[in-house]
Amino acid sequence: LDRGNLRARGEALARDARRWRADHPGARVCFVGQSAGCAVLLLAAEALPAGGVDRVVLLAPSVSSRYDLRPALRGTREGIDVFHSDRDWFVLGLGM
């Protein structure tokens with residue numbers, strides 16, 4: 001829940017993705033995360049240039065439903081997929 005730590009981890013992942021792309025031209029870069037890790041992936045996608053990551057997959061993300069995805073979408077080539085359950089509200093809404 002430490003926003004500064006999440007941002008630092010996202011920037012580190014973005015650096016790794018840029019390095020991977022440079023070392024492996026033409027290779028796909030996809031981010032897959034679950035729960036709080038999804039915030040790191042979104043921040044990483046935001047830190048990348050346009051199309052810096054091919055696809056982002058979020059599994060039961062514990063980010064606000066009001067989170068502005070537009071900056072992260074700019075960093076992706078193929079978009080963001082979100083998988084969640086209608087029952088997520090119980091843990092994320094009440095538990096968090």
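Analyst: A residue is called buried when its relative accessible area is under 20%, exposed when that area is over 50%, and partly exposed in between. The structure considered here is a predicted model.

User: Why does Asp81 count as partly exposed?

Analyst: The relative accessibility of Asp81 is 27%. Partly exposed covers the values between the limits of 20% and 50%, so Asp81 belongs in that class. Arg55, at 25%, is placed there by the reasoning just given for Asp81.

User: What joins Arg55 and Asp81?

Analyst: Their side chains meet in a salt bridge, with N and O 2.7 Å apart. The criterion asks for a side-chain nitrogen of Lys or Arg within 4 Å of a carboxyl oxygen of Asp or Glu, and the pair therefore qualifies. Arg55 lies in strand β2 and Asp81 in strand β3, so the contact ties together parts that are 26 residues apart in sequence. Salt bridges with shared partners also join Arg28, Arg55, Glu78 and Asp81 into one network.

User: How many salt bridges does the structure hold, and what makes the contact of Asp54 with Arg21 one of them?

Analyst: The structure holds seven salt bridges. In the pair of Asp54 and Arg21, the closest N and O atoms are 3.0 Å apart; the limit is 4 Å, so the contact is a salt bridge. Asp54 lies in the loop between α2 and β2, and Arg21 in helix α1, so this pair ties together parts that are 33 residues apart in sequence.

User: Are Asp54 and Arg21 buried or exposed?

Analyst: Both residues are buried. Asp54 has a relative accessible area of 4%, and Arg21 has a relative accessibility of 18%. Buried requires a value under 20%, so both values meet the condition. Arg21, in helix α1 (residues 3-23), is in contact with Ala27, Val29, Gly51, Gly52, Val53, Asp54 and Arg77, leaving aside its neighbours within four places in sequence.

User: Why is Arg77 exposed, and which side chain does Arg77 meet in a salt bridge?

Analyst: The relative accessible area of Arg77 is 54%. Exposed begins over 50%, so the term applies to Arg77. The side chain of Arg77 meets that of Asp54 in a salt bridge, at 3.8 Å from N to O. This pair links distant parts of the chain, 23 residues apart: Arg77 is in the loop between α3 (70-74) and β3, and Asp54 is in the loop between α2 and β2.

User: What makes β1 and β2 a pair of strands?

Analyst: Five bridges join β1 (residues 30-34) to β2 (residues 55-59), and the two strands run parallel. At least two bridges are needed for pairing, so β1 and β2 satisfy the rule. Within β2, Val56 is the bridge partner of Phe31, and Leu58 is the bridge partner of Gly33.

User: Through which helix does the chain cross from β1 to β2?

Analyst: The chain passes through helix α2 (residues 37-47), and this β-α-β crossover is right-handed. The term right-handed is used because, with the strands pointing away from the viewer, the path from the first strand over the helix to the second runs clockwise. Helix α2 lies across β1, β2 and β3, running at about 150° to β1.

User: Why is one side of β1 and of β3 left without a neighbour in the sheet?

Analyst: The open sheet has three strands in the order β1-β2-β3, with parallel pairing. β1 and β3 stand at its edges and each has a single partner strand, so one side of each is left without a neighbour. The twist from one strand to the next averages 10°. Strand β3 (residues 80-83) is paired to β2 by four bridges, and here Leu59 stands opposite Phe83.

User: Is Val32, in strand β1, buried or exposed?

Analyst: Val32 has a relative accessible area of 57%. That value is over 50%, so Val32 is exposed. Not counting residues up to four places away in sequence, Val32 touches Leu41, Val57 and Leu59.

User: Which pattern does the protein chain follow along the sequence, and what share of its residues count as buried?

Analyst: The pattern is α-β-α-β-α-β-α, with four helices and three strands. Of the 96 residues, 32% count as buried.

Key: Residues are numbered from 1 along each chain as its sequence is written. This is a predicted model: local features need pLDDT of at least 70, side-chain atom pairs count only at pLDDT 80 or more; totals for chains, interfaces and linings use all residues. Side-chain values use heavy atoms; hydrogens and water are left out. Axes are lines fitted to C-alpha atoms, for helices over the stretch in contact, and angles run from 0 to 180 degrees between N-to-C directions. Contact means heavy atoms within 4.5 Å. Buried means under 20% relative accessible area, exposed over 50%, partly exposed in between (1.4 Å probe, protein chains only).
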